[in-house]
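User: I'd like a close look at one part of this protein, with the surroundings explained as you go. Here is the model I have open.

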Amino acid sequence: MAVLDLRRQASTVPDALMVPDVRSSRPRSRALSIALRFLVPVLLVLAWWAGSASGALRPEVLASPGQVGSAFVELARTGQLLDFSVASFRRAAAGVLLGVGVGLTLGVLSGLSALGEELVDSTMQIVRAVPFLALVPLFIAWFGIDDAFKVLLIAVATVAPMYAYTYLGVRNIDRKTVEAAREFGLTGPRLVAEVVIPAALPAILMALRICLAISITGLIAAEQVGTKEGIGYLVTLAQEYNRTDYMVLCVVLYGALGLIFDAIVRVAERYGTPWRRQVAFR
């Protein structure tokens, strides 16, 4: 009887395998996705415009969008807008590259090696606990008020987040993955480049996003001292002459700089970790 039951069950099995019904969300169109990203900022600008037009927002408190646009055109015609933006971007990029490079190296070293953790971690925790803005007077005394001071201040501001997230990402790698790679002959720099960094890449990219956001704060603090070009210098001029339109324009420029940095990280995430896009619900 048991043999007959097995034969009956086997006869009911279909000849061809059936494709399982996988529940997947249909991705939105590119145009709709971009529109949703800019929906809230556009609504805020419209509310700002309405408040200025109705008189609820006085010009001496907050310049209207029209005044900010006129200030933008004024600086663009003189060429100062491009020069100041490029100068700020150059300082921020140099500081981020230095801080991220050091933090990434120390994070990998501390995450892979117990000796590296013992040598590095306590020092990095001290750096993380000290507010980088408190180092401004000391850095001025050490490095003067030239670009070296500004780049190093941004680097110090970004090194601790990159170290912490890289360390966490390396420590979360499955130990068996590293051991298997070593069995295949991967050691030293090849092990780090081909196994450790790709496995810890989501944490590293998140650290990069945080570092880029912090670099804007460091840039604002650095450009308030001894600067003749840059967005921070424009902020100083706006404060001296009480130009609220210039002040708001500087905020917009810093925001645009943050969007550029975020776009760079998004591109890196898109091509570096393509599997993460399948997690989010649409």
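Is Arg243 buried, partly exposed or exposed, and what is its relative accessible area? Please walk me through the neighbourhood of this residue too.

Analyst: Happy to take a look with you; please keep in mind that this is a predicted model. Arg243 is partly exposed, because its relative accessible area is 29%, and the range between 20% and 50% is what that label covers.

Let's start with where this arginine sits and what its side chain does. Arg243 belongs to the loop between α12 and α13, the latter spanning residues 244-272. Its side chain meets that of Glu74 in a salt bridge, with an N to O distance of 3.9 Å. That value is within the 4 Å cut-off, so the pair counts as a salt bridge. In general terms, side chains of opposite charge can pair when their charged atoms come close. Glu74 is found in helix α4 (residues 65-78), and the two partners are 169 residues apart, so this bridge links distant parts of the chain. Glu74 is partly exposed as well, at 39% relative accessibility. The pair is also part of something wider: Glu74, Arg243 and Asp245 are linked in a network of salt bridges.

Arg243 has another contact to look at, with Ala238. Ala238 lies in helix α12 and is buried, with a relative accessible area of 0%. Setting aside neighbours within four places in sequence, Ala238 is in contact with Arg243, Tyr246 and Met247. As a further landmark, Leu249 is eleven residues from Ala238 in sequence, and their C-alpha atoms are 9.8 Å apart.

Next, follow helix α12 itself, which covers residues 231-241 and packs with helix α5 (residues 80-112). Two packed helices are described by the angle between their axes and the distance between the axes. Here the angle is about 125 degrees and the axes are 7 Å apart. The two helices are therefore oblique to each other, since 125 degrees falls between the perpendicular range, which ends at 115, and the antiparallel one, which begins over 145. On the α5 side, the contact is made by Phe84, Ser85 and Ser88, while α12 supplies Ile231, Tyr233 and Leu234. Sorted by class, this contact has four nonpolar and two polar residues, and no charged ones.

Helix α13 has salt bridges to show you too. Asp262 in α13 pairs with Arg209 in helix α11 (residues 201-222), and the closest N and O atoms are 3.2 Å apart. These partners are 53 residues apart, and this pair again links distant parts of the chain. Asp262 also forms a salt bridge with Arg266, at 2.9 Å between the closest N and O atoms. Arg266 and Asp262 both lie in α13, four residues apart, which is about one turn of the helix. The three residues are partly exposed, with Asp262 at 22%, Arg209 at 24% and Arg266 at 37%.

Finally, to place this region in the whole chain: there are 13 helices and zero strands, and the count of salt bridges comes to ten. Of the 282 residues, 33% are buried. Among contacts with a separation of 6 or more, 74% are between residues 24 or more positions apart.

Methods
Residues numbered from 1 in each chain as written. Predicted model: local features only at pLDDT ≥ 70, side-chain atom pairs only at ≥ 80, totals over all residues. Heavy atoms only, no water. Buried < 20%, exposed > 50% of the residue type's maximum accessible area, 1.4 Å probe, protein only. Contact = heavy atoms within 4.5 Å. Axes fitted to C-alpha atoms, helices over the stretch in contact; angles between N-to-C directions. Parallel < 35°, antiparallel > 145°, perpendicular 65-115°, else oblique. Nonpolar A, V, L, I, M, F, W, Y, C, P; charged D, E, K, R; others polar.
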